[in-house]
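Visitor: Please take me through one part of this model closely, and then show me how that part sits among its surroundings.

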Amino acid sequence: MISRNTRSFRELYAALPTRVKQQAREAYRLFSNDPYYSGLHFKQVHPDPPTYSARVGISYRTVGV
């Protein structure tokens, strides 16, 4: 899988609390090593365009196309 981020992602990420940023970095590390790691609950949430969701801590999820 190819992973990229956008300017809007960087702006929204910068606004997150420090703890959530740490959780996001850890989740991305896990994703980089194994995109299907069960703890991320990575799944497709919409078919067109293909949109995916993954868990980042208890209260946050990341969504990407």
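Guide: Let's start with arginine 29, which is partly exposed at 42% relative accessibility (buried is under 20% relative accessible area, exposed over 50%, partly exposed in between, with a 1.4 Å probe and protein chains only). This is a predicted model, so local features need pLDDT of at least 70 and side-chain atom pairs pLDDT 80 or more, while totals for chains, interfaces and linings use all residues. Residues are numbered from 1 along each chain as its sequence is written, and side-chain values use heavy atoms, without hydrogens and water.

The side chain of arginine 29 meets that of glutamate 26 in a salt bridge, 2.6 Å from N to O (a Lys or Arg side-chain nitrogen within 4 Å of an Asp or Glu carboxyl oxygen). Glutamate 26 is likewise partly exposed, its relative accessible area being 35%. One salt bridge is what a search of the whole structure turns up, so this pair deserves your attention. Both residues belong to helix H2, which covers residues 18-33, and they sit three residues apart, about one turn of the helix (helices, H or I with at least four residues, and strands, E with at least two, are DSSP runs numbered from the N terminus).

Now follow H2 to its surroundings. The helix lies across S2 and S3 and runs at about 120° to S2 (contact is heavy atoms within 4.5 Å; axes are fitted to C-alpha atoms, for helices over the stretch in contact, with angles from 0 to 180 degrees between N-to-C directions).

Those two strands belong to an open, antiparallel sheet of three strands, ordered S1-S2-S3 (strands pair if DSSP finds at least two bridges between them). S1 (43-46) and S3 (60-64) are the edge strands, each with a single partner, so one side of each has no neighbour in the sheet. Ignoring direction, neighbouring strands here are turned by 40° against each other on average.

Look next at the pairing itself. S1 and S2 (residues 51-56) are joined in the antiparallel sense over three bridges, and histidine 46 has threonine 51 of S2 as its bridge partner. S2 and S3 are also antiparallel, over five bridges; here arginine 55 is partnered by arginine 61 in S3. These two strands make a hairpin with three residues between them, and in its turn glycine 57 has a positive phi of about 75°. With that, you can trace a path from the salt bridge in H2 to the strands that H2 lies across.
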